[in-house]
Amino acid sequence: MQLNEVELDPFAIKAIMINEVVPVDPSQDFYGKPGADYSKSALSLFKNAGAKAESTYDLLREGVYLTNAVKTPKTDYAIEKSTIETSVPYLEAEIALFPNLQVIMLMGDVARKAFNMISKKETKKNAVPSISTYKLRRSEIRYNNVRIMPSYIMTGGNLLIEKSKVAMVTEDIAAMLSIVAR
């Protein structure tokens, strides 16, 4: 299991962005070495959304925490349901650390599945409907008084290929930033 080892004030965190899966090399994760792949991807999207952050630690100071739904690296193209289920207790504990959450962004289908597993335990139903992300992006989905924002994956090679998804993720991040700035 790869868990974030980062110092932060849990009361200052207003938004969590849940990516799909940890990288094979832990030093490439959001709080890994300077210039890590995941960090570069996320910061590029935040800068496109108008944020002034130079590092993921700057994002933490602004109240935005980045994590991954699946805490073990991918071994195949697809992520098995059982792999997601193994990581869900860790993700659930992570989310529970932050009493002042206003927004949870679900960055991709794996993040959405993991979050729905958490919500299903408590409410016996999915917090996020199982329909296409583009149909849900501007929906007012709430779970325990927290705004849930489904979006697209924020790391990996798809960001180089799918420019329309980059634009949508950027819009979603800008919307999230406006909520936490209130």
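Strands β4 and β5 form a hairpin with two residues between them, and N144 in the turn has a positive phi of about 50 degrees. Helices (H or I, at least four residues) and strands (E, at least two) are here DSSP runs, numbered from the N terminus, and two strands count as paired if DSSP finds at least two bridges between them. The model is a predicted one, in which local features need pLDDT of at least 70 and side-chain atom pairs count only at pLDDT 80 or more, while totals for chains, interfaces and linings use all residues. Residues are numbered from 1 along each chain as its sequence is written, and side-chain values use heavy atoms, with hydrogens and water left out.

Within the hairpin, β4 and β5 run antiparallel and are joined by three bridges, one residue pair being I141 with its bridge partner I148 in β5. On β5, I148 is also the bridge partner of I104, in keeping with the parallel pairing of β3 and β5 over five bridges. The chain of partners can be followed further, since I104 in β3 is the bridge partner of I16, and β1 (residues 15-21) pairs with β3 (residues 103-107) in the parallel sense over four bridges.

These pairings belong to an open sheet of five strands with mixed pairing, in the order β2-β1-β3-β5-β4. Because β2 (64-70) and β4 (141-143) stand at the edges with a single partner strand each, one side of each is left without a neighbour in the sheet. From one strand to the next the twist averages 30 degrees.

Strand β5 (residues 146-151) has six of its six residues buried, so it is largely enclosed by the rest of the structure; buried means under 20% relative accessible area, exposed over 50%, and partly exposed in between (1.4 Å probe, protein chains only). Both of its faces are covered, with V146, I148 and P150 buried on one side and R147, M149 and S151 buried on the other.

Helix α1 (residues 37-48) lies across β1 and β2 and runs at about 130 degrees to β2, where axes are lines fitted to C-alpha atoms, for helices over the stretch in contact, and angles run from 0 to 180 degrees between N-to-C directions; contact means heavy atoms within 4.5 Å.

At the surface, L3, found in the segment before β1, is partly exposed with a relative accessible area of 44%.
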